[in-house]
Amino acid sequence: MMETSGGGQENQDEVFMRRALQLAEQGRGFVEPNPMVGCVIVRDGVQVGEGWHQSYGGPHAEVEALHVAGDAAVGATMYVTLEPCCHHGKTPPCSEAIIKAGLERVVVAVADPFPQVSGGGLESLRTAGIQLDIGVLETDASQLLAPYLKRQRTGKPWVIAKWAMTLDGKIATGTGSSQWITGEESRAFVHRVRGVVDAVMVGRGTADADDPLLTARPPGPRQATRIVLDSTASISCESQLVRTAGEVPVLIVVGPNGCEQACQRLVDAGCEVMRLEDESPRARLEHLLQELAQRGMTNVLVEGGGRLLGSLFDSRNIDEYHVFIAPKLVGGAASLSPVGGDGVERMSEALVLRGVSSRASGPDTHIHGFPTD
């Protein structure tokens, strides 16, 4: 919704808002569970200040930009990708700082659904007599903020599915051999994603078959919690995950029938064990996602296997797909496919991705897309 409009002004607004979105992106992996936010301040058509939210608990984008602008902020226009906060959290309200700085106009891309803001920041600026424009590049900003917005609106984190497969759609041979399907460039990309998410999740089958570390190498701005769905708590204490639990967090999620002794040996090894009492695996998965969001986790990367990805697919809990296809063929009726579960009954019910991109990743092809709403 635009409160004011104008042809030339609209073009200028988009130019400066696009810069604000570029700034916001620089906070990825550093600010969560807070949202990524960028801000630009413009006076008489000239940019006089910019900033972005650089770290969780640190100054917000608006405050950073106001600090750069100084006295030039008086009578200026602020472009900010998310509604300014109006509550005391780890920092004072940005709305108060904006009013005090003497800005004449504020352009906002997206309203903030966070309950302690939720229109309150806009109302405080409106009451102070500041001109507001709301919705400039709203679609772009909503895409950037999608993980934060989902967690606020649904109480679940943004789930990113990743798998590597051969040209004939296999993630392992019939004997379980899977290393390595893709090349170094594809694996390096996955490590970069691991470095900006809150958790990396696999099923126990993948943990047993691949014995992965699931860490980002080299490390990124975040240290992801490694999560294993293991209903019977039977993962080996000799696995790399358990042996490194004292260095990087490991969360083992068990079902109601998980043996107490088995759980205790994992706790003694340094893992956290979460017991979910839901009888249904699907209900346990929903419960887990809600619990992760309550812990402040915004982005969860799921690296398999087929059973876990199938459960998430069937329940429509995957928000983003990264698929790496290697120019290899393995054949075999017993070779494993990436997505299990029940699937769909008719091709007309197949999930169609939107915003699909395809690029070369060394010798591989990287497909990226989002499920249609």
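This report describes salt bridges in a predicted model and the surroundings of one leucine in it.

The model is predicted, so local features are reported only at pLDDT of at least 70 and side-chain atom pairs only at pLDDT 80 or more, while totals for chains, interfaces and linings use all residues. Residues are numbered from 1 along each chain as its sequence is written, and side-chain values use heavy atoms, with hydrogens and water left out.

**Salt bridges**

A salt bridge is taken here as a side-chain nitrogen of Lys or Arg within 4 Å of a carboxyl oxygen of Asp or Glu, and by this rule the count comes to 19 salt bridges. Three of them, including their N to O distances, are set out below.

| Salt bridge | N to O distance |
|---|---|
| Asp-140 and Arg-18 | 3.5 Å |
| Arg-105 and Asp-133 | 2.4 Å |
| Glu-291 and Arg-295 | 3.1 Å |

The salt bridge between Asp-140 and Arg-18 links distant parts of the chain, with Asp-140 in helix α5 (residues 138-144) and Arg-18 in helix α1 (residues 7-25), 122 residues apart. Helices (H or I, at least four residues) and strands (E, at least two) are DSSP runs, numbered from the N terminus. For accessibility, buried means under 20% relative accessible area, exposed over 50%, and partly exposed in between, with a 1.4 Å probe and protein chains only. On this scale Asp-140 is partly exposed at 31%, and Arg-18 is likewise partly exposed, at 38%.

The side chains of Arg-105 and Asp-133 also meet in a salt bridge; because Arg-105 lies in strand β4 (residues 105-110) and Asp-133 in strand β5 (residues 131-134), the pair ties together parts that are 28 residues apart in sequence. Arg-105 counts as buried, with a relative accessibility of 6%, and Asp-133 is buried with a relative accessible area of 0%.

Glu-291 pairs with Arg-295 in a salt bridge, where Glu-291 is partly exposed at 23% relative accessible area and Arg-295 is partly exposed at 39%. Elsewhere, salt bridges that share partners join Asp-13, Arg-105 and Asp-133 into one network.

**Surroundings of Leu-21**

Leu-21 is found in helix α1, the helix that also holds Arg-18, and Leu-21 is buried, with a relative accessible area of 10%. When residues up to four places away in sequence are not counted, Leu-21 touches Thr-81, Leu-137, Asp-140, Ala-141 and Leu-144, where contact means heavy atoms within 4.5 Å. Asp-140 thus appears both as a contact of Leu-21 and as the salt-bridge partner of Arg-18. The C-alpha atoms of Leu-21 and Ala-109 are separated by 9.3 Å, although these residues are 88 residues apart along the chain.
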